[in-house]
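Thanks for making the time this morning. I would like to take you through one structure, and I will begin with a term before turning to the residues.

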Amino acid sequence: MNSHNPANFRFGQYRTPQAERPAPIRPMAVRTVTSESLFHGDHEISIDHRGAMYRLKITRQGKLILNK
(Lines give C-alpha, C1' and ligand atoms only; values in the text may rest on other atoms or scores of the structure.)
Protein backbone atom coordinates (compact mmCIF):
# COMPACT_ATOMS: atom_id res chain seq x y z
CA MET A 1 0.00 0.00 0.00
CA ASN A 2 1.24 3.48 -0.89
CA SER A 3 1.26 5.75 2.19
CA HIS A 4 1.84 9.11 0.48
CA ASN A 5 -0.73 11.20 -1.32
CA PRO A 6 0.33 12.17 -4.90
CA ALA A 7 -1.75 15.35 -4.59
CA ASN A 8 0.89 16.67 -2.15
CA PHE A 9 3.60 16.55 -4.83
CA ARG A 10 2.20 19.22 -7.11
CA PHE A 11 4.54 21.90 -8.46
CA GLY A 12 5.26 24.52 -5.82
CA GLN A 13 3.71 22.53 -3.00
CA TYR A 14 6.95 22.41 -1.03
CA ARG A 15 8.22 25.96 -1.56
CA THR A 16 9.30 27.89 1.49
CA PRO A 17 6.43 29.99 2.84
CA GLN A 18 6.81 33.74 2.32
CA ALA A 19 7.21 34.38 6.07
CA GLU A 20 10.29 32.11 6.21
CA ARG A 21 12.05 33.51 3.13
CA PRO A 22 14.97 35.87 3.72
CA ALA A 23 14.49 39.49 2.78
CA PRO A 24 15.58 40.25 -0.80
CA ILE A 25 19.02 41.80 -1.15
CA ARG A 26 18.76 45.38 -2.30
CA PRO A 27 21.52 46.62 -4.60
CA MET A 28 23.82 49.14 -3.01
CA ALA A 29 24.19 52.54 -4.59
CA VAL A 30 27.27 52.61 -6.79
CA ARG A 31 29.33 55.77 -6.80
CA THR A 32 29.53 57.16 -10.34
CA VAL A 33 32.50 59.21 -11.53
CA THR A 34 32.72 60.85 -14.95
CA SER A 35 35.74 60.12 -17.10
CA GLU A 36 36.29 63.87 -17.42
CA SER A 37 36.74 64.15 -13.66
CA LEU A 38 39.29 61.31 -13.73
CA PHE A 39 41.33 62.33 -16.77
CA HIS A 40 41.21 66.15 -16.51
CA GLY A 41 41.87 66.47 -20.25
CA ASP A 42 44.59 63.78 -20.43
CA HIS A 43 44.20 60.54 -22.37
CA GLU A 44 45.93 58.25 -19.87
CA ILE A 45 46.07 57.89 -16.09
CA SER A 46 47.80 55.50 -13.70
CA ILE A 47 45.88 53.67 -10.97
CA ASP A 48 47.68 52.19 -7.96
CA HIS A 49 45.63 49.21 -6.78
CA ARG A 50 47.14 47.42 -3.77
CA GLY A 51 50.66 48.11 -4.98
CA ALA A 52 50.01 47.10 -8.61
CA MET A 53 50.06 49.84 -11.23
CA TYR A 54 47.34 49.91 -13.89
CA ARG A 55 47.00 52.25 -16.88
CA LEU A 56 43.59 53.49 -17.93
CA LYS A 57 43.59 54.96 -21.44
CA ILE A 58 41.06 56.64 -23.70
CA THR A 59 41.38 55.32 -27.27
CA ARG A 60 40.98 57.34 -30.46
CA GLN A 61 37.47 55.90 -30.72
CA GLY A 62 36.67 57.20 -27.22
CA LYS A 63 36.65 53.81 -25.50
CA LEU A 64 38.43 52.95 -22.25
CA ILE A 65 41.20 50.34 -21.99
CA LEU A 66 42.66 49.14 -18.69
CA ASN A 67 46.13 47.53 -18.78
CA LYS A 68 48.25 46.15 -15.99
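When I say that two strands pair, I mean that DSSP finds at least two bridges between them. With that in hand, please look at Ile-58, whose bridge partner in E3 is Leu-64. I should say straight away that what you have in front of you is a predicted model, and everything I describe should be heard with that in mind.

Let me set out the overall arrangement. The protein chain contains one helix and three strands, and if you follow the sequence from its beginning, these elements come in the pattern α-β-β-β. Of the 68 residues in the protein chain, buried ones make up 6%, and the accessible surface comes to about 7000 Å², with 54% of that belonging to carbon and sulfur atoms. Among the contacts with a separation of 6 or more, 2% are between residues 24 or more positions apart.

Now to the sheet. The three strands form an open sheet in the order E1-E2-E3, with antiparallel pairing. E1 and strand E3, which covers 64-67, stand at the edges with a single partner strand each, so one side of each has no neighbour in the sheet. From one strand to the next, the twist averages 25 degrees.

How many bridges hold E1 and E2 together? The antiparallel pairing of E1 and E2 runs over six bridges, and within it Ile-47 stands opposite Tyr-54 in E2. The hairpin that these two strands make has two residues between the strands, and there Arg-50 takes a positive phi near 55 degrees.

On the other side, strand E2, residues 52-58, is joined to E3 by four bridges, again in the antiparallel sense. Besides the pair of Ile-58 and Leu-64 with which I began, Arg-55 has Asn-67 as its bridge partner in E3. The hairpin of E2 and E3 has five residues between the strands, and Gly-62 in the turn shows a positive phi of about 85 degrees.

Arg-55 deserves a second look, since its side chain meets that of Glu-44 in a salt bridge, at 3.4 Å from N to O. This pair links distant parts of the chain, with Glu-44 in strand E1 and Arg-55 in strand E2, 11 residues apart. A search of the whole structure finds one salt bridge. Are its two residues buried or exposed? Glu-44 has a relative accessible area of 39% and is therefore partly exposed, and Arg-55, at 39% relative accessibility, also counts as partly exposed.

Finally, I would like to turn to His-43, which lies in the loop between helix H1, residues 35-39, and strand E1, residues 44-49. With 55% relative accessibility, His-43 counts as exposed, because the cut-off for that class is over 50%. Which residues does His-43 touch, if we leave aside its neighbours within four places in sequence? The contacts of His-43 are then with Leu-56, Lys-57 and Ile-58. For Ile-58, the C-alpha to C-alpha distance from His-43 is 5.2 Å, although the two residues are 15 apart in sequence. That brings us back to Ile-58, which is in contact with His-43 and has Leu-64 as its bridge partner in E3.

Key: Residues numbered from 1 in each chain as written. Predicted model: local features only at pLDDT ≥ 70, side-chain atom pairs only at ≥ 80, totals over all residues. Heavy atoms only, no water. Buried < 20%, exposed > 50% of the residue type's maximum accessible area, 1.4 Å probe, protein only. Contact = heavy atoms within 4.5 Å. Axes fitted to C-alpha atoms, helices over the stretch in contact; angles between N-to-C directions. Areas by Shrake-Rupley, 256 points an atom, 1.4 Å probe, with all protein chains shown as cover. Salt bridge = Lys/Arg side-chain N within 4 Å of Asp/Glu carboxyl O.
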